[in-house]
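Hi there,

Here is the structure I promised to pass along. Have a look at it first, and my notes on what turned up follow below.

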Amino acid sequence: MNSLGGERSASPDETAVGTLSFEVDAGDCGVTVVDSIERHRYSVETSRPVAPTPVDVDDFLFPADAGVAITTESLTLPTVVPVYVRDQTGDMLAEAEHFADEAFDEGVYSIELNAPIKLYLNVSGPLAVTSDMEHMQFEFGSETEVLLGARSHHEHPAATVTTTADPTDMMAAVSTFGSALKTTSCERSYPTLRGHPPTIELGDQLEIPDELTVPDTGIRIEIPPTYRAVYVAAPLAYYLGATVVEGDRPRVVTETGFEHPLDTERGVEAEAERLLKQTFFLDCLTRTEGYYQVDLHERGAIEPRVDLDFERLYEQSPAEQLEAYLTVPFSVVEPEIPEWKLTSHVEPVATSIETLPFVVEDLAVVHTPKEREPADATQEAAAVEDFFRTGATDEAAEFTRSTDRTTPTDESYVQPESADSLEQTWVGDGTPIGASKATTAAFRNHLNRTPTEGDIEITVVCNDRQMNEERDAVDAGYGSRETLPFDVTVHHDLTTTELRDVLARQTDFLHYIGHIDGGGFECADGKFDATTLDSVGVDAFLLNACQSYAQGMHLLEAGSIAGVVTLSDVINTGAVRVGRTMARLLNAGFPLRAALTIARNESIVGGKYIVVGDGGLSIAQAESGTPNLCEIERDGDAFTLRMETYPTAQTAMGTLIIPYIEQNETHFLTSGVDEEFSMREDELRRFLSLEEVPIRFDGELRWSTDLSVEQL
């Protein structure tokens, strides 16, 4: 069990192991499992008061970080989650979802719960699993000892590799990334079986710690010794567990004698992207022959079109599987590959190597920007000028959130090429337009995130009473979920000293409403400049003010993990819409980068906001595990529903989802759901009641809890 910041002591009402704790629910019968690093929690109700006692995690069939024993006649979950019931050898006996009704005779059972925190149950005796639309129950016939195990999704790198700026040394460093894989079988496509690669630091000589064990997959990647080639090959090397070496021409070679060229007419970058996506995708199909033999939509769509024996493939080596996969033309599988979560545009310079492990851990595709001709500077300046002009005349009478009406001119802007992914990020110098800004410091701050007790802390600061409309909206938006405890604190008209104190205190999220300009945050008694901070307690933030980029970057340098900032002036009404939407999306479990992707469309000024730092950070968990945006169309008495799911750090690429729609028993891969669901009015009404999710109807963003079917 990895423990960051040390272990904290348990209160009399909880059992703590590392950063996981099992809290006894005050006044009720039940246990709440808390991940104090990722700020996630999940409660199970028991039939009687319980007193959890620690157990050996080796008692569980699958890896667990902590476990306790409790005695109860039944367990009830507050939501319906995917459940897999296995015998003590691991053979699947049943899969349960909504409207389950499964009964098992006396025996020994291992039960896996895909809740926001991964949970496992071990129980001996008879077992019944039932569920409706809202709850799930496990009954054991009589009072029985149940082992409850949990695994945190938080991953910490096993070691730090030091490399020089020589690309050949960098190849050796990137070759260690496969050491983070918990398996080299096709199950590596499950996010929980892909660990965090070792971190990298630039130094005077190559140093690879002895504790890193690199898998022998029989696969190597040969590339020229350039930064561009090393960075593009890194995600592929990580996922394949491949060794990266210098070669005369770019190619992938296996121990079986198979080779696949990377220097095709599409170029090395595009070919490496295709190879990563195709291998990952076909792994997801092959793994359905293993522990999770589910009805996977993507396998049903592809299997009739390919000559692959998935049962036989499951038993083959990684090199043999790769060779078989690449007999399939990419054009055959491309339509069914889930929309990729992230494309990272990595500047091909030596310092980018330190950010690379964090990019790779997200299984991002890496693009490297092309060399720009001098003439492009003029075009870039024109594009930036047009960008800042957007919306400036549409509401000229509106006040902006800056006391300095001049547009900053000392920033160097970059505009990465668009990519086929949900999100984009920029790694390198300059301020990106149309992508988030990643920094090594922010990722390292996330690794050093310390455990926290109690509720999710939200701090709202409104330093201009003209902006109370947004304050009221966000105050209501945060913490509106009954099953997830928030502690929302609102401050008004802070002085510079008071704002400094607020920034120093530990909080999960700061939502700042007010004015910012070149001098800093406008306070009741002057300006506060974040450059004067040595450290902050704010994990993440939204600085909903004009020109807040520079101040946000200073917060990252002082210890924050991620934030949303503006690149220029924003009109107040637009800022209110963005702020209100962001609050609800974050409350619903969307990560910062995904939330801003959606919120941008709610205002003409949305394009002036970007995420800085680790944009994959979430401040809350999605009730169903994976945040999603639904689009609804009506045709008479019938409705068509489409879902767009957004991967998170906990439900990353490779996660299985099953839409909670009556009669649906098919699983899909996140992200996105390549299916339209036809629903009657009563079915849609029940679906909308399950959780608060954003709904797009007739081009307008609505919320399921505010929407009645009669309004559609």
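**Salt bridges and overall shape**

Glutamate 273 pairs with lysine 277 in a salt bridge, with 2.9 Å between the closest N and O atoms. Please keep in mind that this is a predicted model. Both residues sit in helix α3 (residues 268–286), four residues apart, which is about one turn of the helix. Are these two partners buried or exposed? Glutamate 273 counts as buried at 15% relative accessibility, and lysine 277 is buried as well, with a relative accessible area of 8%.

Glutamate 271, which forms a salt bridge with arginine 266, has its closest N and O atoms 2.8 Å from that partner. Here the surroundings of the two residues can be told apart: glutamate 271 is buried, with a relative accessible area of 4%, while arginine 266 counts as partly exposed at 39%.

The next pair may interest you too. Arginine 449 and aspartate 539 meet through their side chains in a salt bridge of 3.0 Å, N to O. Arginine 449 lies in the loop between α10 (440–447) and β24 (456–462), and aspartate 539 belongs to strand β30 (residues 538–544), so the pair ties together parts that are 90 residues apart in sequence. Both arginine 449 and aspartate 539 are buried. There is also a network in which salt bridges with shared partners join Arg220, Glu222, Arg249, Arg251 and Glu259. The total count is 33 salt bridges.

On charge more broadly, the protein chain carries 49 positive and 126 negative side chains, and the centres of these two sets are 5 Å apart.

Now for the fold as a whole. The protein chain contains 16 helices and 39 strands. Its radius of gyration is 25 Å, which agrees with the value near 27 Å for a compact globule of 712 residues. The C-alpha atoms fill a box of roughly 75 × 65 × 60 Å along the principal axes. Of the contacts between residues at least 6 apart in sequence, 69% join residues at least 24 apart.

As for burial, 60% of the 712 residues count as buried. The accessible surface comes to about 27200 Å², and carbon and sulfur atoms account for 44% of that.

Which helix is largely enclosed by the rest of the structure? That is α15 (residues 592–599), because seven of its eight residues are buried. Among them are Leu592, Arg593, Leu596 and Ile598.

Enjoy exploring the model!

Best wishes

Definitions and conventions: Residues are numbered from 1 along each chain as its sequence is written. This is a predicted model: local features need pLDDT of at least 70, side-chain atom pairs count only at pLDDT 80 or more; totals for chains, interfaces and linings use all residues. Side-chain values use heavy atoms; hydrogens and water are left out. Helices (H or I, at least four residues) and strands (E, at least two) are DSSP runs, numbered from the N terminus. The radius of gyration is taken over C-alpha atoms; the globule rule is 2.2 Å times the number of residues to the power 0.38. Buried means under 20% relative accessible area, exposed over 50%, partly exposed in between (1.4 Å probe, protein chains only). Contact means heavy atoms within 4.5 Å. Accessible areas come from the Shrake-Rupley method with a 1.4 Å probe; for residues, only the protein chains shown count as cover. Lys and Arg count as positive and Asp and Glu as negative; His and the chain ends are not counted. The place of a charge is taken as NZ of Lys, CZ of Arg, CG of Asp or CD of Glu. A salt bridge is a side-chain nitrogen of Lys or Arg within 4 Å of a carboxyl oxygen of Asp or Glu.
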